[in-house]
Amino acid sequence: MTNLLPALAACATYQPPQGKVDDALVRRVISAAEKSGTPEAARLLTVVASRSDLATDRRVEAIDALRVWAKPPQRNRVNGVWQFHSASRDPVVARAALEAALPELLGSRLDEPLRFAVLQAATELGITSIGSMLVNWCYDTTCSPASRAKALGSLLASKPAAAVEVSAKLRDDPQPAVRMAARRVRATHLPAEQVVPELEAAVCSADLAERQAAVSLLAEMDAPECVEAVKTLTAKLDSGSLDPTIHLEVREAAQKRLGREVAAAPASGSSEDMVAAWSDTLEGGDVARGRDLFFTKGEVSCVRCHHAEGKGGDVGPKLDGIAATKQRPYLLESIVAPNATVAEAYRTTVFLTDEGVNVAGILVSENADTVKLKLADGTVKDVKVASIDERTSGPSSMPADLVGKLTRRELRDLIAWMASLTKPPKP
Ligand code: HEC
């Protein structure tokens, strides 16, 4: 079987008479080349990576196979079956192949993921000529800010001195993501007395993420200048004059650098106490992350009960438009103290039946004969009026323990997202 691998790998150069090369074939070619491990196989991987007629994902995969050449994945790329590579393999083989292909690869217009894969592989394989290409990428404003920030990170890993030099210019870049990456480089490689004033200025940036990142960097650095800066911010927090979007970060910084006790948030209490204990989550969240939590975080499964932006359950109120009438403290209270204010039409009633069974739900309708109740799982249950011994009003069916399953940052992001829901639900 193994002796067929080189032949399969050689299909890297295959051009069908018409149409595109089958994607499944390309995957097999990559896998075969990876397994054979010869210099020729490494060269064939660069051929796959250079072919603009192949899917970007496959081209990235070929580069990735070179990057991990010395330690190929334990699972076969095509069928996921465990595979064992006995002899340890020399990364020099992959390095030589990639280095030879670099001018052609980077000379062509590469998609960003591919370009990044190439630079990452080259960095990890120790190709030193890549340094200047990374520098160019850091400055290249036609690339996305996120990729430029990543390029600076790679440069830092391979050539720290060059990264520090580049960071001097990039800290004034128009893109916040790039500035933040530059500051991280400086914070870890330059003396505190030089960097702290830069960070203090960034704490007042117009960009939210940048302000928060600057405070977090101050908290990470271990220098007397940082302690002073954190003291100043904490004093502002205490006097109520601090920008509310960085409360959470400054509190964390005070804990880390000044050893300040952070009172554990109460598990229950009056709604004022609860909202006060979580007040640093009211401002400064990230809308996109909050949306993602709402729709995907399984532990809290908000979307199982609430409908928003076109999907979700109907056990709880629709959240679209909620920000038009409700303020952030109300949204926070809904989560940390759900029983404080129960949304009209969602008050639960608990019925004790003559069989001694408790049924709790939201009253849907009632006539002389039957009461219709919507249960917490969304199903509707009929209860015979004649069988009801007692009725009491029950707690909110919004779970009270959600807050224990969310970090403060997550809660802050959720609030930010809900506070962005100003458009009413579509009828
Ligand atoms: C088991 C179902 C359930 C889950 C899970 C749930 N909720 Fe609720 N939620 C409700 C019900 C029922 C109400 C209405 C009763 C009330 O106001 O307490 C409600 C009320 C609310 C309100 C107030 C709405 C209004 O119009 O006043 C907000 C805001 C809210 N939930 C957000 C969330 C978020 C965010 C999550 C996820 C972290 C979540 N809920 C998870 C059932 C649920």
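**An open sheet and a helix pair in a predicted model**

In the predicted model described here, 5 strands form an open sheet in which the order is S6-S5-S4-S3-S7 and the pairing is antiparallel. The edges of this sheet are occupied by strand S6 (380–384) and strand S7 (388–393), each of which pairs on one side only. When direction is ignored, neighbouring strands of the sheet are turned against each other by 45 degrees on average. In a regular strand, the side chains alternate between the two faces of the sheet.

The pairings within the sheet can be followed strand by strand. Strand S3, which covers residues 348–353, pairs in the antiparallel sense with strand S4, which covers residues 358–366, and this pairing extends over 5 bridges. Within it, Phe351 has Val359 of S4 as its bridge partner. The two strands belong to a hairpin with 4 residues between them, and in this hairpin Gly356 adopts a positive phi near 80 degrees.

On its way through the sheet order, S4 is also joined by 4 bridges to strand S5 (residues 370–374), and these two strands run antiparallel. Here the bridge partner of Ser365 is Lys372 in S5, and S4 and S5 form a hairpin in which 3 residues lie between the strands. Strand S5 is in turn connected to S6 by 5 bridges, again with the strands running antiparallel; in this pairing, Val371 is matched with Val383 of S6 as its bridge partner.

A separate part of the model shows the packing of two helices. Helix H7 (residues 130–139) and helix H9 (residues 160–170) pack with their axes 11 Å apart and at an angle of about 15 degrees. Because angles under 35 degrees count as roughly parallel, H7 and H9 are therefore described as roughly parallel to each other. Their crossing is right-handed. The contact is made by Gly131, Val135 and Cys138 on the side of H7, and by Ala162, Val166 and Leu170 on the side of H9. Of the residues in this contact, 5 are nonpolar and 1 is polar, while no charged residue takes part.

At the level of the whole protein, the domain assignment gives domain 1 (1–124), domain 2 (269–341 + 404–427) and domain 3 (348–393). Domain 2 is thus listed with two segments, 269–341 and 404–427. The C-alpha centres of domain 1 and domain 3 lie 64 Å apart.

Note on methods: Residues numbered from 1 in each chain as written. Predicted model: local features only at pLDDT ≥ 70, side-chain atom pairs only at ≥ 80, totals over all residues. Domains from an automatic or database assignment. Pairing = 2+ DSSP bridges. Axes fitted to C-alpha atoms, helices over the stretch in contact; angles between N-to-C directions. Parallel < 35°, antiparallel > 145°, perpendicular 65-115°, else oblique. Left-handed = near helix turned anticlockwise from the far one by under 90°. Contact = placed C-beta atoms within 7 Å. Nonpolar A, V, L, I, M, F, W, Y, C, P; charged D, E, K, R; others polar.
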